[in-house]
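Trainee: Please take a close look at a single part of the model shown here, and then set that part in the context of the whole chain.

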Amino acid sequence: NNTYGISKNDLVIELNKTFKEFNINTCRRKSYFISQMAKETECFLYGQEKISEYDANKNYASVDGNGEVESGDGFLYRGRGGLQITRKNGYKRYGKFIGDETLFVKNPDELLKKEHVIRSSGWFWQHGKLTNSGDTIPLNLKADLGNFKRICVLIQGSDITFSKRHE
């Protein structure tokens, strides 16, 4: 088991369900998806971002539904799940997708449950990345184009970790 309690067998089952639900159905799509999750979770060890409370509150303050630094929203809505959904509105949007917009806002650790930790990643892969205009960027299309570096930037916010994700 990893630190969020999913056995290797359950991980494979959840990955396969997620692949089917979100059309991650080619070798390239699957390999890009898994490599991004492997980097975000330190090879599937951690279901939530390893960041200090101070840094999370500073880095995620006043962005995408989060309050000011003092609100503590940055740390409360730090990255969770295989692709590390962050920020209050990210948690709301995934909740809306599953039919309960407030579930993860009220209890962010729900994202660490077996049924959400991988599925939320598939959702993010298909619907999670927003442009400034509010449109989503489906990462399957970027994978189909072989644009691994762009996917890294869309998930991480920069290409700093590109080489580690590409290994």
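**Helix α10 and its setting**

Mentor: Helix α10 covers residues 148-156, and its buried residues are F148, I151, C152, L154 and I155. Buried here means under 20% relative accessible area, exposed means over 50%, and partly exposed lies in between, with a 1.4 Å probe and protein chains only. These buried residues cover an arc of only 165° around the axis, which puts them on the same side of α10; the arc is that of the directions from the helix axis to the C-beta atoms. An α-helix has 3.6 residues a turn, so residues three or four places apart point the same way. Just after α10, G157 takes a positive phi of about 95°.

This is a predicted model, in which local features need pLDDT of at least 70, side-chain atom pairs count only at pLDDT 80 or more, and totals for chains, interfaces and linings use all residues. Residues are numbered from 1 along each chain as its sequence is written, and side-chain values use heavy atoms, with hydrogens and water left out.

Contacts also lead into α10 from helix α9 (residues 139-144), where K142 is found. With neighbours within four places in sequence left aside, K142 is in contact with I137, N147, R150, I151 and L154; contact means heavy atoms within 4.5 Å. Of these partners, I151 and L154 are among the buried residues of α10. K142 is partly exposed, with a relative accessible area of 24%. K142 and R29 lie 113 residues apart in sequence, yet their C-alpha atoms are 8.9 Å apart in space.

Helix α5 (residues 88-98) offers a parallel case, with G90, Y91, Y94 and G95 as its buried residues. Seen down the axis of α5, they fall within an arc of 135°, so they line one face of the helix. The cover over the buried residues of α5 includes α4 (73-76), α6 (103-106), α7 (114-117) and α8 (119-128). After α5 comes G99, whose phi is positive, near 100°.

The loops add further detail. Most residues other than glycine have a negative phi, and most peptide bonds are trans. E42, which is not a glycine, nevertheless has a positive phi of about 55°. E42 is found in the loop between α2 (27-40) and α3 (53-59), and at 40% relative accessibility E42 counts as partly exposed. D64 is likewise a residue other than glycine with a positive phi, near 50°, and its place is in the loop between α3 and α4. At 33% relative accessibility, D64 counts as partly exposed. Residues up to four places away in sequence not counted, D64 touches R87, K88, N89 and G90. The last of these, G90, is one of the buried residues of α5. From D64 to F104 the separation is 40 residues in sequence and 15 Å in space, C-alpha to C-alpha. K113 is found in the loop between α6 and α7 and counts as partly exposed at 38% relative accessibility. K113 and I6 are 107 residues apart in sequence and 8.5 Å apart in space, C-alpha to C-alpha.

As for the whole chain, there are 11 helices and zero strands. Helices (H or I, at least four residues) and strands (E, at least two) are DSSP runs, numbered from the N terminus. The radius of gyration of the chain is 15 Å, close to the 15 Å that the globule rule gives for 167 residues, so the chain is as compact as a globular protein of that length. That radius is taken over C-alpha atoms, and the globule rule is 2.2 Å times the number of residues to the power 0.38. Along the principal axes, the C-alpha atoms fill a box of roughly 45 × 30 × 30 Å. Of the 167 residues, 43% count as buried. Among contacts between residues at least 6 apart in sequence, 56% join residues at least 24 apart. The accessible surface of the chain comes to about 8,800 Å², of which 49% belongs to carbon and sulfur atoms; accessible areas come from the Shrake-Rupley method with a 1.4 Å probe, and for residues only the protein chains shown count as cover.
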